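Welcome! Please take a moment to look over the sequence and the 3D view before reading on.

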Amino acid sequence: CKGPEDIARTASKEEKEVEDLALSYADGCSSSDNIPTLAFPSISTADFQFDLEKAADIIVEKVSEFVTKLGNARLVLVDLSSGSKILSLVRAKAKQKNIDSDKFLTFVGDITRLYSKGGLCCNVIANAANWRLKAGGGGVNAAIFSAAGPALEIATKERAGSLTPGKAVVVPLPSTSPLFSREGVTHVIHVLGPNMNPQRPNFLNNDYIKGCKVLREAYSSLFEGFAFIVR
Ligand code: AR6
């Protein structure tokens, strides 16, 4: 039968073990691979229903513009399934443009599990956010806020209350977040892309002149935010 002191001792031993484990994950990630890396989803192409061909052209255009400005840093486009149409379109277009495959890659996996499930170290991840910067709602936004825990909601509120389409906000992730301790993520960059879904705010009603302009701005804001962290 354990007395209160024994219980307290056990609890603090367990806490210490959890802390050590967290540190060893973060260390494992940073020591095995310390190349600054941004993992990003394809902005606007699922819930926001943006045309995939047009989005792929813009991703490749913006990646090729920024990849040379980022020193040794890497950009990684992520999607959940190996059958992802956007990943295959972007891969083909990046090959045509001869983009350096050490600096830009595509990766199949959950953006919240890149290190623990895929062995890929990414110190920064991007979120396809909503204009209120609210947790939930589905897609990658729900996955990131849920995996990061309340620490991300608090840190986000400290930085911004809302976003306009085409803009991004860089949020440093507190070390208490499981995304930090387990995956080695130090920053989340929320990005708001153009919306072609009539059920969502800021609906562009198929105006692809405006939509493409906003999507270009969104990727520029995202990559500039990452360049700022890396510098
Ligand atoms: N890991 C990697 N990629 C993912 C994940 C994940 N866990 N989940 C989704 N994707 P979407 P949008 C891919 O719909 O079109 C939200 O509700 C997905 O396959 O998340 O910009 C927000 O609150 C697709 O390729 O973002 C906004 O209201 C990409 O991420 C709205 O949806 C983007 O899909 C934003 O819509």
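The sections below go from the whole chain to the ligand, then to one helix and finally to a pair of helices.

## The chain as a whole

Keep in mind as you look around that this is a predicted model. The protein chain holds eight helices and six strands. If you walk along the sequence, you will meet them in the order α-β-α-β-α-β-α-β-α-α-β-α-β-α.

The protein chain has 231 residues, and 38% of them count as buried. Now take the contacts between residues at least 6 apart in sequence: 71% of these join residues at least 24 apart.

## Around the ligand

Which residues are closest to the ligand? They are Pro41, Ala46, Asp47, Ala128 and Gly139, and the ligand is surrounded by 25 residues in total. Two elements give two or more residues to this shell: strand E2 (74–79) and helix H5 (139–148). H5 provides the largest share, with four residues.

By character, the shell around the ligand is made up of 11 nonpolar, 10 polar and four charged residues.

## Helix H5

H5 deserves a second look, as it also has a buried set of residues: Val140, Asn141, Ile144, Phe145 and Ala148. Why do these residues lie on the same side of H5? They cover an arc of only 125° around the axis, and therefore share one side of the helix. A general rule helps here: an α-helix has 3.6 residues a turn, so residues three or four places apart point the same way.

What covers the buried residues of H5? The cover includes three strands, E1 (37–41), E4 (124–128) and E6 (187–191), together with helices H6 (150–159) and H7 (178–183). Just after H5 comes Gly149, which has a positive phi, near 75°.

## Where H2 meets H8

Next, find helix H2 (residues 52–67) and helix H8 (residues 208–230). Their axes come within 10 Å and cross at roughly 35°. The crossing of H2 and H8 is right-handed.

From H2, the contact is made by Lys54, Ala55, Ile58, Ile59, Lys62 and Phe66. On the H8 side you will find Tyr208, Cys212, Leu215, Arg216, Tyr219, Ser220 and Phe223. Taken together, the residues of this contact between H2 and H8 divide into nine nonpolar, one polar and three charged.

Technical notes
Residues are numbered from 1 along each chain as its sequence is written. This is a predicted model: local features need pLDDT of at least 70, side-chain atom pairs count only at pLDDT 80 or more; totals for chains, interfaces and linings use all residues. A residue is buried if 20 or more other C-beta atoms lie within 10 Å of its own, exposed if 12 or fewer, and partly exposed in between; C-beta atoms are placed from the backbone. Two residues are in contact if their C-beta atoms, placed from the backbone, lie within 7 Å. A residue is near a molecule or strand if its C-beta atom, placed from the backbone, lies within 6 Å of it. Ala, Val, Leu, Ile, Met, Phe, Trp, Tyr, Cys and Pro count as nonpolar, Asp, Glu, Lys and Arg as charged, and the others, Gly among them, as polar. The arc is that of the directions from the helix axis to the C-beta atoms. Axes are lines fitted to C-alpha atoms, for helices over the stretch in contact, and angles run from 0 to 180 degrees between N-to-C directions. A crossing is left-handed if the near helix is turned anticlockwise from the far one by less than a right angle, and right-handed if clockwise.
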